[in-house]
Amino acid sequence: MVNVHKITGSHGANAYLIDAQHPILVDVGALNMFDALKKFLNPTDLEYIILTHCHYDHTLGATQLAEQTGASIAIHEEDAKLLDDDWATASAMFGTHAPSIEPDMLLKGGKSLDLGDISLRIIHTPGHSLGSICLYGSGLLFSGDTIFVAGGIGRTDLGGDAHALVDSIKLLTALDVDILYPGHGDITNQNVNAQIRASLKYAKINRKAYNSKGFYAFCIL
Ligand SMILES: [Zn+2]
Ligand SMILES: [Zn+2]
């Protein structure tokens, strides 16, 4: 089993170092992540920085860390288009501008990342943002802000799509997940498939609330 280390960034989002033969970092929502990585590996061994979506709290340190480590930045092609948009990246909500990021690789759903001792499938999961992705392999699911523990779902009012989120979470309910690594909050290994089904239920409630222009709950940035 590959080692996964959680590093919580300055805006509360989780970064995950997947310490595989070809190490990658999933999200980098804080500056100066280089030193945090040193605890686990030689940071210049990092090969890819995979961004689950374009939001500021997941991408802030990407360019800096790529420059320091030589790692390549990858993001889904739909969110790559939004990287310099202050609103689509939620940067305006933090009172600032979108960080300058130039991806080295554009991701598509259905492709896999071969990290040597683990292979992770890229699942395109639009909803929280149009180019959100999840990574799945060997019973591990890195869900970004698509779902969280205990039935949590990502908010869909930041340029997302409440209908697409339901369809995306349906894809996740077809997986067999042992450990869920979400973009915020705790990791869980307890009845994970049931927790994902709970997220699907809340995503449907969220969709209904959107249809009736009502209030939506259970949502995280
Ligand atoms: Zn987030
Ligand atoms: Zn987000």
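This is a short walk through one predicted model, from its domains to its core, its helices and a few loop residues.

Let's start with the domains. The domain assignment gives two of them: domain 1, residues 1-108, and domain 2, residues 120-212. Take the centre of each over its C-alpha atoms, and 19 Å separate those centres.

How many residues of domain 1 are in contact with domain 2? The count is 24 residues of domain 1, in contact with 19 residues of domain 2. Look at the domain 1 side. Strand 1 (3-8), strand 2 (14-19), strand 5 and helix 4 (77-80) each give two or more residues to it. Helix 4 has the largest share, with 4 residues. By class, that side of domain 1 holds 11 nonpolar, 7 polar and 6 charged residues.

Now the core. In soluble globular proteins, nonpolar side chains tend to be buried together. Here, the largest nonpolar core has 63 residues. Val26, Ile49, Leu135 and Leu141 have the most contacts inside it. Which helix gives the most to this core? That is helix 5, residues 162-173, with 6 residues. The core also draws on both domains: at least three residues come from each of domain 1 and domain 2.

Zoom in on Leu135. Setting aside residues up to four places away in sequence, Leu135 touches Val26, Ile50, Leu120, Ile122 and Phe142.

On to the helices. Helix 5 comes up again here. Its 12 residues should span 16 Å at 1.5 Å a residue. The end C-alpha atoms are 17 Å apart, which agrees. The buried residues of helix 5 are Ala162, Ala164, Leu165, Val166, Ser168, Ile169 and Leu172. What do they pack against? Three strands and a helix: strand 9 (133-137), strand 10 (140-144), strand 11 (153-154) and helix 6.

Helix 6 is next. It has 20 residues and runs from 192 to 211. From first C-alpha to last, helix 6 reaches 29 Å, close to the 28 Å expected at 1.5 Å a residue. Its buried residues include Val192, Ile196, Leu200 and Ala203. Ser199, Tyr202, Asn206 and Arg207 of helix 6 are buried too.

Now go back to domain 1 for helix 3, residues 62-69. Its buried residues are Ala62, Leu65, Ala66 and Thr69. Why do these residues line one face of the helix? Look down the axis of helix 3: the buried residues fall within an arc of 100 degrees, so they line one face. They pack against helix 1 (34-38), strand 4 (48-51), helix 2 (56-59) and strand 5 (72-76). Right after helix 3 comes Gly70, with a positive phi near 85 degrees.

That brings us to backbone angles. Most residues other than glycine have a negative phi. Two residues here are worth a look.

One is Asp27. Its phi is positive, about 70 degrees, although Asp27 is not a glycine. Asp27 sits in the loop between strand 3 (24-26) and helix 1. Is Asp27 buried or exposed? The cut-off for buried is 20 or more other C-beta atoms within 10 Å. Asp27 has 28, so it is buried.

The other is Asn191. Its phi is also positive, about 45 degrees, and Asn191 is not a glycine either. Asn191 lies in the loop between strand 12 and helix 6. The cut-off for exposed is 12 or fewer. Asn191 has 10 other C-beta atoms within 10 Å, so it is exposed.

Asn189 is in the loop between strand 12 (179-182) and helix 6. Asn189 has 11 other C-beta atoms within 10 Å, so it is exposed. Leave aside neighbours within four places in sequence, and Asn189 is in contact with Asp178 and Ile179. Leu165 is 24 residues away along the chain, and the two C-alpha atoms are separated by 23 Å.

Last stop: Asp176, in the loop between helix 5 and strand 12. With 9 other C-beta atoms within 10 Å, Asp176 is exposed. Which residues does Asp176 touch, not counting residues up to four places away in sequence? Gly139 and Asn193. Compare Tyr48, 128 residues from Asp176 along the chain: the C-alpha atoms of the pair are separated by 25 Å.

That's the tour. Questions are welcome.

How values were computed
Residues are numbered from 1 along each chain as its sequence is written. Chains are lettered from A and ligands numbered from 1 in the order in which they are written. This is a predicted model: local features need pLDDT of at least 70, side-chain atom pairs count only at pLDDT 80 or more; totals for chains, interfaces and linings use all residues. The arc is that of the directions from the helix axis to the C-beta atoms. Two residues are in contact if their C-beta atoms, placed from the backbone, lie within 7 Å. A nonpolar core is a set of buried Ala, Val, Leu, Ile, Met, Phe, Trp, Tyr and Cys residues joined through C-beta atoms within 7 Å. Domain bounds come from an automatic or database domain assignment. The expected span of a helix is 1.5 Å times one less than its number of residues. Ala, Val, Leu, Ile, Met, Phe, Trp, Tyr, Cys and Pro count as nonpolar, Asp, Glu, Lys and Arg as charged, and the others, Gly among them, as polar.
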